[in-house]
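Subject: The structure for you to look at

Hi,

Here is the structure I said I would pass on. Have a look at it first, then read my notes below.

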Amino acid sequence: MKIDFNYFKPKLSILAFLCFIGVYASGSSNEPNISIKLKDARLVQIFSELEQKTDYEFSYGQFVLKNEIKYSVVQENSPLEKVLESLSKKANFIYRIDKNHVLVAESPKTGSAEQQGTIEGLVVDSDGNPLPGATIMEKGTNNGTTTDFDGNFSLKISGASATIQITYIGFEMQEVTETVGSNIVIELKSGSNTLDEVVVVGYGKKSKEKLIDAVNKVDIATIENRPLSNAANALQGASPGLNIVQTSGKPGDAPRINIRGFTTINGGSPLVMVDGVEGDINNLNPDDIEAISVLKDAGASAVYGARGAFGVVLVTTKKAKKGDFTINVNHTTAFSSPTMNTDFLTDPYKSTMLVDEAFRTAVGRSYTGYTEQDYASLLEVSQDPSKARVITDIRNGREQYVHYGATDWWNTFFRKNSPSNITNVSLSGGSEKVRTFFSYRNYQSTGILKVQDDIFKQYNLRGKLEVDAKDWLTFSNNMQYNRSNDIQHGGSQYGNYSNPWSSLIWVHALPAYVPVNPDGNALWRTELNNYTVGDGIYAALLHGKSKQETDNQEFSNIATAIITPFEGMEITTSYALRKMTYNRYQRSTRIPYSIFTDEVGIMGSDRLTEYNSQSSYNAFNVYGEYRKQLSDHFISAMVGFNQESYDVKNIEASKLNSISDDLNSLGLATSNAEANGSASAWGLQGLFYRLSYDYKKKYLLELNGRYDGSSRFPSDYRWGFFPSVSAGWIVSNEEFLKESNTINQFKLRASYGSLGNQNIDDYAYIPTLNKDIDTGYAIDGGTLDYIESPSLNPNEITWEEVKTLNLGMDLSFFQNRLTTNFDWFQRDTEGMLTQGATLPSVLGAASPQENAADLQTRGFEWSLGYNDSFELGNDTFNFSIVGSLSNSKTKITKFDNPTNSLLDYYEGMTIGELWGYHIDGLFQTADEVAAHADQTRVSNRIVAAGGLQPGDVKYMDLNNDGVIDEGENTLDNSGDRRIIGNTAPQPV
């Protein structure tokens with residue numbers, strides 16, 4: 001029986017608000033010519049070499065993997081088919097070239113005369129596609145065969161029935177028991193073999209099986225189709241030890257990325273490389289990303305030297321691919337809402353009485369200034385919110401508005417959810433020689449502000465072109481253009497534009513107040529007390545003229561040439577250019593408000609400030625790698641050169657009193673012109689190398705290093721050498737585990753190395769005269785300009801050195817369904833820049849910085865995952881569950897703090913520790929207050945308002961001196977304070 005499954009089987013998944021459209025156009029390709037010269041090589045080595053020299057993928061069964069016979073292949077500029085035809089005659093296999101795949105199967109065997117019956121069948125995958133070259137074995141015997149190109153097989157068995165085993169690389173083995181004459185169809189399930197995965201590493205790629213450094217490959221499925229403004233947000237939880245901290249829910253705000261905890265007292269973050277060049281993951285179209293690797297230890301990051309001291313995130317975007325042109329269009333609409341609880345107290349009577357009672361206790365008078373009659377009116381509104389109102393009354397001799405409201409301030413000014421829309425378009429395809437990829441993304445989100453529209457827009461455009469100019473030469477060009485525009489409303493009573501997302505939002509906005517008075521003007525103050533509502537932020541938001549608009553543009557281009565001068569050698573050279581333009585204006589206007597019935601007031605001031613920043617980044621890379629398989633030995637050597645430069649120029653200008661509230665241009669402002677500016681630049685050069693060796697894929701060794709020079713250090717201290725060494729043992733490839741059906745991978749690995757950190761100011765060692773403007777004084781009608789004397793600058797500063805030890809283990813079981821990884825690490829940061837020894841105060845300047853502090857971070861990372869698939873209806877349902885746990889603690893091991901003052905770092909200090917007083921409940925009686933230790937130094941505000949009372953907090957007198965205080969605020973004498981917590985997450 002023969003069933004033809006060679007047809008295109010489209011699948012269409014429709015989700016709410018998510019639509020995919022595919023358009024396919026036919027293309028053509030020509031078979032490439034190949035030059036190959038191998039001696040005494042196994043079939044699997046020959047096919048691997050052919051895969052590297054072509055864009056073809058080879059599929060074959062166990063007969064290739066277990067074939068130990070060695071062959072010689074010598075072909076010069078020959079078609080692939082000629083190479084395979086010649087080899088197939090020697091190695092006794094058959095093959096078929098199908099588009100970009102080469103299907104290899106063992107030549108049919110002849111059964112012995114003793115075999116009496118036959119079982120026939122067809123082997124297919126979960127989509128119904130035939131699997132050529134699958135191995136069919138009668139269990140318990142050496143009797144077997146393989147499927148032909150159409151997946152069909154015929155197996156003669158020794159009895160009336162038999163159990164047969166079907167295996168195919170990348171799929172799960174399956175057993176069936178059948179009788180003579182059976183004609184069966186066998187569907188194999190994907191084995192989820194992750195060991196053959198290719199992982200992007202520094203300036204190259206490696207198979208996951210031979211990876212011996214602390215590197216995690218992020219599953220791109222975790223970030224696909226997520227309605228996010230940037231890709232970094234989607235990385236949270238994607239890799240153990242990779243921490244994404246989102247400090248704001250505002251679209252466009254970049255999260256902080258951290259690898260393995262606290263870095264240095266001077267700050268440090270991972271290097272992000274996009275297509276081999278330093279970049280910003282927040283500016284990428286998430287749909288363009290093809291692969292992400294996280295490099296965590298010195299072994300993996302050493303080739304990046306000064307830039308990779310605290311880890312590296314490698315991002316690879318989708319490549320131009322040959323074949324039929326494909327257009328994909330998808331659109332997503334999503335809604336987001338705050339995760340914090342916004343069910344605030346909105347009862348006007350309860351909230352007013354709570355505030356006034358607390359205020360009376362503290363300062364002896366009420367906060368609101370309401371009378372008993374006012375309280376009665378608020379109680380009435382509390383019982384029936386429909387009676388909320390603003391009345392007019394004579395207070396302090398003038399008719400003014402008095403508020404008896406029931407306002408839910410949060411839901412009045414802010415939405416419960418905010419919409420975002422994402423449209424993605426991509427085009428990919430090309431011939432054997434020329435391939436293209438284009439993508440476009442449009443992201444738009446509306447903020448949660450209800451009374452005005454805060455709009456964030458982002459556009460991403462990418463174009464890639466690859467040209468195989470010669471068999472030994474490939475050119476590629478990778479262009480990207482990004483633009484974002486963000487409008488945010490704000491303002492306050494203080495004159496300058498103010499970001500609303502601060503204490504302004506919640507200060508003094510009681511439910512009893514109504515945002516708008518009956519005359520249509522905003523409420524700013526009640527005049528019953530001396531306080532303003534929200535410090536003017538609510539009035540400013542209602543007015544809508546005070547706002548900030550930010551426009552960011554980035555253009556980058558990476559031109560790359562890859563040269564293969566001879567077999568096993570590949571040279572890559574690239575030049576990258578990135579231009580960035582940042583424009584922002586902040587506008588504050590005078591804001592109208594009312595208190596009295598016959599008067600409209602104006603608060604704030606009219607100021608327009610514009611900011612402009614132009615920056616340029618250039619990077620040149622050239623590196624070459626040679627790889628060679630010598631029998632059971634594999635060697636690889638890579639050496640390269642890197643040069644980077646960056647310069648930036650900033651301009652700031654402002655004026656007052658514009659003739660228009662709606663038009664924002666400095667040309668319309670009329671007075672008090674001010675301008676300021678700055679510029680800086682830095683440069684970096686480095687030589688790097690990587691030497692790799694493995695024996696029988698069991699024992700692996702790798703040496704990495706980089707010699708770096710940075711313009712941020714004096715010439716005599718500018719260069720540093722940072723080496724690393726890594727070793728691994730793949731225990732599962734030993735003979736005693738090789739045939740195990742339970743353990744698929746068991747690998748032990750270790751690495752140690754050092755890296756440099758250049759995260760200091762561009763001109764830290766150069767004395768500079770800083771010019772500034774003092775707006776508090778005026779001379780001849782203008783502001784006062786002044787120049788500061790230079791600080792004491794260090795002239796012997798150099799690299800902070802980061803030394804990392806990493807021990808790891810990787811395990812996988814049950815056809816790689818169950819996987820677990822564990823890493824323990826120690827990172828020592830030595831020579832951190834900090835203020836030097838204290839100098840006499842008569843000098844009048846702070847001490848210069850020195851490389852005088854050290855710290856140590858220890859931690860672990862553990863992940864556990866399970867993946868499988870099962871039939872669901874007429875389709876296969878694939879799922880995976882991954883959990884991870886990581887923890888790190890950082891201690892100061894060296895710091896010049898002779899007194900161990902708690903106001904600074906000290907030796908032995910755990911980063912993030914919190915010192916505080918211990919609470920011993922609440923005072924119950926006045927006698928207990930009188931008998932307790934003196935805690936006026938802690939509760940001075942309460943004491944100033946009349947002393948401690950029952951119900952106040954009682955602090956413990958830990959040193960039994962009768963006084964609750966901080967002592968000398970040193971480690972040896974901290975008074976009654978102790979460590980009560982830590983700001984760093986500590987899951988264990």
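Below is what I found, starting with the whole chain and ending with single residues.

One thing to keep in mind from the start: this is a predicted model.

**The whole chain**

The protein chain has 11 helices and 49 strands. Its C-alpha atoms fill a box of roughly 120 × 70 × 70 Å along the principal axes. Of its 988 residues, 47% are buried. If you take the contacts with a separation of 6 or more, 66% of them are between residues 24 or more positions apart.

As for the outside, the accessible surface is about 48,000 Å², and carbon and sulfur atoms hold 52% of that. What about charge? The chain carries 87 positive and 120 negative side chains, and the centres of these two sets are 6 Å apart.

**The holes inside**

Rolling a probe the size of a water molecule over the atoms shows where empty space is left. In this structure there are 5 cavities of 30 Å³ or more. The largest cavity holds about 170 Å³ of space. How many residues line the largest cavity? There are 18, and the ones nearest its centre are Val 274, Gln 480, Ser 556, Ile 558 and Arg 578. Four strands each give at least two residues to that lining: E20, E29 (473-489), E30 (547-563) and E31 (569-588).

**Glu 278 and Arg 260**

Strand E20 covers residues 277-278, and Glu 278 is in it. Is Glu 278 buried or exposed? Its relative accessible area is 19%, and buried means under 20%, so Glu 278 counts as buried. Not counting residues up to four places away in sequence, Glu 278 touches Leu 271, Val 272, Met 273, Arg 307, Arg 578, Tyr 617 and Glu 644. Arg 578 should ring a bell, since it is among the residues nearest the centre of the largest cavity.

Arg 260 sits in the loop between strand E18 (256-259) and strand E19 (271-274). With a relative accessible area of 2%, Arg 260 is buried. Leaving aside neighbours within four places in sequence, its contacts include Ala 214, Gly 241, Lys 296 and Asp 297, and also Asp 823, Phe 825, Arg 827, Glu 861 and Ser 888.

**Two residues on strand E34**

Strand E34 runs over residues 607-630, and Tyr 626 is found there. Gln 629 has its place in strand E34 as well. Tyr 626 is partly exposed, at 29% relative accessible area, and Gln 629 is partly exposed too, at 36%.

Which residues does Tyr 626 touch, not counting those up to four places away in sequence? They are Phe 566, Glu 567, Gly 568, Met 569, Ile 635, Ser 636 and Ala 637. For Gln 629, counted in that way, the list is Gln 45 and Phe 634.

Try a couple of distances in your viewer. From Tyr 626 to Thr 392 the C-alpha atoms are separated by 87 Å, with the two positions 234 residues apart along the chain. Gln 629 and Ile 157 are 472 residues apart in sequence, and 40 Å apart in space, C-alpha to C-alpha.

**Ser 680**

Ser 680 belongs to strand E36, residues 669-695. The C-alpha atoms of Ser 680 and Asn 650 are separated by 9.0 Å, and the two are 30 residues apart along the chain. Neighbours within four places aside, Ser 680 is in contact with Tyr 646, Asp 647, Val 648, Asp 762 and Tyr 763.

**Two residues with positive phi**

Asn 396 has a phi near 55°, which is a positive value in a residue other than glycine. Asn 396 is in the loop between strand E24 (389-395) and strand E25 (398-404). Its relative accessible area is 72%, so Asn 396 is exposed.

Asp 535 also has a positive phi, about 50°, although it is not a glycine. You will find Asp 535 in the loop between E29 and helix H8 (537-543). Here the relative accessibility is 14%, so Asp 535 counts as buried.

Happy browsing!

Technical notes. Residues numbered from 1 in each chain as written. Predicted model: local features only at pLDDT ≥ 70, side-chain atom pairs only at ≥ 80, totals over all residues. Heavy atoms only, no water. Buried < 20%, exposed > 50% of the residue type's maximum accessible area, 1.4 Å probe, protein only. Contact = heavy atoms within 4.5 Å. Areas by Shrake-Rupley, 256 points an atom, 1.4 Å probe, with all protein chains shown as cover. Lys, Arg positive; Asp, Glu negative; His and termini not counted. Charge placed at Lys NZ, Arg CZ, Asp CG, Glu CD. 1 Å grid on protein atoms, 1.4 Å probe; cavity = no way out; pocket = protein on both sides within 12 Å on 5 of 7 lines; lining within 4 Å. Points joined across faces, edges and corners; volume = space filled by probe spheres on them.
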